[in-house]
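I opened my notebook next to the viewer today and wrote down what I looked up, one item at a time. Have the display open and follow along with me.

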Number of protein chains: 2
Amino acid sequence: MIQEIKAAGMDCEKFIAEKVAEVREAVGDGTAINALSGGVDSSTVTMLGHRSLGKRLRTVFVENGLMRRGEAGWVVGLFRSLGVEVEVVDARDEFFAALSGVTDPEVKREAITQTFYRRVFGRIVRESGARHLLQGTILTDVDETLAGIKRQHNVFAQLGIDPQAAFGYRILEPLVQLRKDGVRKLGRALGLPEELFARIPFPGPALAARVIGEATRERVETVRAATAVVEEILAGTPAFQYMAILHEDRVTGMRDNKRQFGQQVEVRCWDSIDARVATPSRLPFEVLERIAAAILDRVPGVVSVTYNIAPKPPSTIEAV
Amino acid sequence: MIQEIKAAGMDCEKFIAEKVAEVREAVGDGTAINALSGGVDSSTVTMLGHRSLGKRLRTVFVENGLMRRGEAGWVVGLFRSLGVEVEVVDARDEFFAALSGVTDPEVKREAITQTFYRRVFGRIVRESGARHLLQGTILTDVDETLAGIKRQHNVFAQLGIDPQAAFGYRILEPLVQLRKDGVRKLGRALGLPEELFARIPFPGPALAARVIGEATRERVETVRAATAVVEEILAGTPAFQYMAILHEDRVTGMRDNKRQFGQQVEVRCWDSIDARVATPSRLPFEVLERIAAAILDRVPGVVSVTYNIAPKPPSTIEAV
C-alpha cells in the first residue's frame, strides 16, 4: 500500500531533500539512467534525478518516430537551458518494424512498450552499465493499472513483475506517492518552466494512438501534420486536451472535379478537469471551419474532417 | 441532344398534355410498369404515368431492406390518398445476398443496381408482361452520367446501351428535359403534396451508401436507427440535407466502467443550393450535443459520434 502525499499539504523542499537522499542511497556510487519523454512526470523525475546524482544520471530521449513535429529538439533545448544534457537516440526503424502490420490498439500499445523496454531502452541500459532506472510513475498510474483501466508500462512492481529479473535493472519511482497536481507543484519547485506545464497531455504510445489501424511511417506523418494544425489553431484555448486522429476508413471526396477516395481526420477537443469525465469543447463554428480548411489544405490525401461531439463516457479521450 | 425546358417558362398543363399523349402513343393498348422510390422524380413520373394510363400502369415499390424506417408504409399511404395503388415487393434477401462481402463503394452501388434491374425488377417486368418501363430520369442525371461524376442507373440510352436488348423492355423518360426545379413544379401541378417536396434528398443506394464497408442487415439497421434520430432532431431546419453515416473503424469507448471497442456514427448536415457546392450547417452546439446523446442512447454498439466540418469540395455530400 502506497502512502499518498496530497499536493495541498506538501512541503516541496522537504520532499525533494528526502527523495534526493533516497535516490543517492539506492544508487550508491553507481550510475542511473532515465528516459525523458518531455511530459510533466518524466521531466520532473529527470530534474529530481539530476539534483540527486548530477552527471551520474544519464538522460535519454528515445526518438521513436511517433512524436509530434519538432519534439526532440524542443525537449533537448529546454533541458539544456536548465543545465541538463539529454541524449537523443534514433530508434525509428525499430519502432516502425514492430508496428508493421499491427492494427489492434492493444497489440499496438504492447508493441511500443516491448520495443521500448526490451529492445531499445533495454539495450541502452545494458550498454550503459547502469543498474538503476529512474521512472516518473505516479499514484494515478498505479491505481489505473490495478483497476485494469489502463495499461501503464511503468508499474512493474505493483503487477508482481520483478524488473531486475526481467530487465536487469532496479526501478526507482520517487514520484509514486504523488498525483498530477503534486507532480506539477514539485516540478515547479525543481525549476521546470511554465511552458512545460502549459502543454496539453499526450499519450504514451504517442501518434500511434492517433492512427486508427496500422501506424506506418506515412500514416504517422499524416496525423503529425494534422496534429500540428490543430495545436497551432487551438493553442491558448482553455481546453483540457485537443488532438487529430487519422481514420482508417476511406471516404469519397473530390479534387480537381474528380472523385478521390481519400482519408478522414477527426478532431477532438475536450473540456475536463481530470480526464475521468469530459465533454467536447463548444468551439465556435468559425474555429471548426478554420481547422478543417487548414487540414484539407496542408495535409495531403485528406478529403474529410469531422469534430467529435460525444462525451466521455461512453467515449474515451483517445480513439485507440 | 436533349432540349432543356426551364422551370421558369414552363407551362405545366401544356407539358402534361403533351407527355400524356406521348406516353399513350408509345404504350398503345399495352401495359407499362414503373418503380416508385418515394423521391420527387419517381413520384412525379408515377403521377404522370397514372394520368396517362390509369390502371394499365403498374407501380411497384421494391423493399430492398435499405430504406429508412417506415418508408414503404409512408409511400403506400401517400399514394393511396392520391388514388394510386402501389404494390410492395419484398426483395430484402436478394439485396443483402448481393451485398454480402462487398466493401468497395462502386461495387456496392453496382451490386444494388444489378440486383434491382437484372434480378428483382427485371423479373417483375418479365412476369408482368409489360413492355414499357416508365422512369423519372431528369436532365441533371444525364449530365452527371456523361461527365462521369455519377453513376446513374436510369440513363441507358445516353450511354449507348439498348435496354430492349439488355433487359427486354423499352424505357420511357418523360421528365428528361427537366431539371429538379421543373420536376417540383410539375409534381405540384400533378397533385403531389408539400410533405413530399419537404423531404430531404436521399441517395439511390439508400442506406447502403450510409455504411462505410459491408452493408450487412445488422449494420444497415444500426445506421437506420441513427438516421431516424438525426431526421427527428433536424426536421424543420433549413438545411439542404442531413444524414448519419456508420463508420467501419472501431474506436475505444467505455460502458459500465469497462472498455468497449465500439462503433462511430458521423453526422453530416449540409447547406447548399444545388448540391454542387455545400458547406456544413453551423448548427448550435446544443443541437449537436442533443443528436450525439440521442444516438449514444438509442443506437446499440455506438460509442462515438462526430459532426462533419469539411465543405464540398473537397468532401462530397455522401461519404461512399
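**Entry 1: β1 and β4 in chain A.** I started with strand β1 (residues 32-35) of chain A and looked for its link to strand β4 (residues 132-134) of chain A; three bridges join them, and the two strands run parallel. For one register point I took A:A32, whose bridge partner in β4(A) is A:H132. A note to myself before I go on: this is a predicted model.

**Entry 2: the sheet around them.** I then asked in which order the strands of this open sheet in chain A lie. Reading across, I get β3-β2-β1-β4-β5, five strands with parallel pairing. At the edges I find β3 (86-90) and β5 (170-172) of chain A, each of which pairs on one side only. From one strand to the next, the twist averages 30°.

**Entry 3: helices on the sheet in chain A.** Which strands does helix α2 (residues 40-53) of chain A touch? I found that α2 packs on the sheet and touches β1, β2 (57-63) and β4 of chain A. The direction of α2 makes about 155° with that of β2(A). Helix α3 (residues 71-81) of chain A also packs on the sheet, where I see it touching β2 and β3 of chain A. For α3 the angle with the direction of β2(A) is about 160°.

**Entry 4: a serine in α2.** While on helix α2 of chain A, I stopped at A:S52, which has its place there. Is A:S52 buried or exposed? Its relative accessible area is 4%, so I noted A:S52 as buried. Leaving aside neighbours within four places in sequence, I listed its contacts as A:K19, A:V20, A:V23 and A:R24.

**Entry 5: β2 in chain B.** Over in chain B, I checked how covered strand β2 (residues 57-63) is: six of its seven residues are buried. Strand β1 (residues 32-35) of chain B pairs with β2(B) in the parallel sense over four bridges, and B:N34 has B:T59 as its bridge partner in β2(B). I followed the chain from β1(B) through helix α2 (residues 40-53) of chain B to β2(B), and this β-α-β crossover is right-handed. On to strand β3 (residues 86-90) of chain B: five bridges join it to β2(B), again running parallel. There I marked B:V62, which stands opposite B:V89 in β3(B). With helix α3 (residues 71-81) of chain B in between, β2(B) and β3(B) make a right-handed β-α-β unit.

**Entry 6: the nonpolar core.** Which residues have the most contacts inside the largest nonpolar core? They are A:I295 and B:I295, in a core of 184 residues. For B:I295 I wrote down contacts, beyond four places in sequence, with B:V229, B:V230, B:V265, B:V267, B:V302 and B:V305.

**Entry 7: a valine in β9.** I picked A:V303, found in strand β9 (residues 302-308) of chain A. At 0% relative accessibility, A:V303 counts as buried. Not counting residues up to four places away in sequence, A:V303 touches residues of chain A, including A:V251 and A:L296, and also B:A310, B:P314 and B:S315. I also noted that A:R250 is 53 residues away from A:V303 in sequence and 9.3 Å away in space, C-alpha to C-alpha.

**Entry 8: how the copies relate.** Last, I superposed chain B on chain A with a rotation of 180° and 0.0 Å of shift along its axis, at an RMSD of 0.0 Å. That is the relation of a two-fold axis. The same surface serves both copies, as 100% of the contact residues of chain B recur in chain A.

Technical notes:
Residues numbered from 1 in each chain as written. Chains lettered and ligands numbered in written order. Predicted model: local features only at pLDDT ≥ 70, side-chain atom pairs only at ≥ 80, totals over all residues. Heavy atoms only, no water. Pairing = 2+ DSSP bridges. Axes fitted to C-alpha atoms, helices over the stretch in contact; angles between N-to-C directions. Contact = heavy atoms within 4.5 Å. Buried < 20%, exposed > 50% of the residue type's maximum accessible area, 1.4 Å probe, protein only. Right-handed = clockwise from strand over helix to strand, strands pointing away. Core = buried A, V, L, I, M, F, W, Y, C linked by side-chain atoms within 4.5 Å. Least-squares fit on C-alpha atoms with pLDDT ≥ 70 in both.
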